[in-house]
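Welcome, and please open the model in your viewer. This short tour goes from one pair of charged side chains to the next, telling you what to select at each stop.

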Amino acid sequence: MSRRISPVIPGFGLTLGYTLVYLSLLVLIPLGAMFVHAAQLSWEQIWAIVSAPRVVAALKLSFSTALYAAILNGLIGTLLAWVLVRYNFPGRKLIDAMIDLPFALPTAVAGIALTALYAPAGLVGQIAAWLGFKIAYTPLGITLALTFVTLPFVVRTIQPVLADIPREVEEAAACLGAKPFQVFRHILVPALLPAWLTGFALAFARGVGEYGSVIFIAGNMPMKTEILPLLIMVKLDQYDYHGATTIGVLMLVVSFILLLLINLLQRRIERP
């Protein structure tokens with residue numbers, strides 16, 4: 001008669017209870033309170049807040065720059081992950097460690113550093129001004145700040161998946177006559193695409209709610225370079241709590257819908 005081995009972690013009921021309690025305290029109750037506070041307004045009042053030109057402009061700016069940064073990191077992050085996994089070169093470990101720097105660096109410090117670099121009087125900003133365009137205090141500067149902050153999400157998501165793909169599979173395909181693009185299209189893309197979508201979703205979600213690294217380089221000009229998180233802070237400073245919570249609910253709903261669509265696409269791709 002085989003002896004039953006007790007699990008290291010307590011049973012399903014206890015662990016599920018702890019999970020639901022922590023999830024409720026940290027996520028569900030705060031978000032629910034935000035919805036309850038916003039529900040005190042009538043539909044006409046809610047529509048008047050979310051349809052205000054300043055809110056609409058901030059909404060477009062926040063989600064568009066987060067999308068551009070996620071796409072840019074999808075390309076750069078994939079290339080970085082490829083280089084770090086497939087090549088050995090001096091300084092590889094240093095570069096690999098620097099990928100996680102945005103996680104450890106305070107976002108406000110990153111924003112100040114990027115502003116000093118890309119401002120019209122900065123090193124790169126002077127070159128941009130000489131070429132006839134601005135980086136700081138424009139949507140381009142916001143996109144660059146979000147790209148810096150969200151880069152690790154894509155790299156760290158793709159890197160282990162790429163490391164698990166045997167080189168022999170690519171070599172076998174090449175021996176059978178497959179061209180490099182065919183190897184990339186039929187072997188690497190199907191294996192990397194689910195992880196790529198996960199990294200893209202994480203980068204996009206982080207970019208939408210990013211505040212510290214953006215406020216310095218954005219310039220915070222209403223209708224031009226004002227992001228939604230900053231607009232929420234403005235509402236709170238004006239003691240407009242209903243307006244702040246309504247904008248927060250708007251961000252939450254739009255973010256949830258977009259992330260849900262990305263997850264559905266990811267599941268559809270993962271199906272055999």
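Partly exposed means a relative accessible area between the buried limit, under 20%, and the exposed limit, over 50%. Keep those cut-offs in mind as you walk through this predicted model.

What are we looking for? Side chains of opposite charge can pair when their charged atoms come close. The count here comes to five salt bridges.

Start by selecting Arg54 and Glu226, whose side chains meet in a salt bridge with 2.7 Å from N to O. Now show the backbone around them: Arg54 sits in helix α3 (residues 53–86), while Glu226 belongs to the loop between α11 (215–218) and α12 (228–237), so this pair ties together parts that are 172 residues apart in sequence. Turn on the surface as well. Arg54 is partly exposed at 31% relative accessible area, whereas Glu226 is buried at 3%.

Next, select Arg206 and Glu210. Their closest N and O atoms are 2.9 Å apart, and they form a salt bridge. Is Glu210 buried or exposed? With a relative accessible area of 5%, Glu210 is buried; its partner Arg206 is partly exposed, at 25%.

Move on to Lys235 and Asp240, another salt bridge, where 3.8 Å separates the closest N and O atoms. Asp240 has a relative accessible area of 28%, so it counts as partly exposed.

For the last stop, select three residues together: Asp96, Asp100 and Arg156. Here salt bridges link Asp96, Asp100 and Arg156 in a network.

Notes: Residues numbered from 1 in each chain as written. Predicted model: local features only at pLDDT ≥ 70, side-chain atom pairs only at ≥ 80, totals over all residues. Heavy atoms only, no water. Salt bridge = Lys/Arg side-chain N within 4 Å of Asp/Glu carboxyl O. Helix = DSSP H or I, 4+ residues; strand = E, 2+ residues; numbered from the N terminus. Buried < 20%, exposed > 50% of the residue type's maximum accessible area, 1.4 Å probe, protein only.
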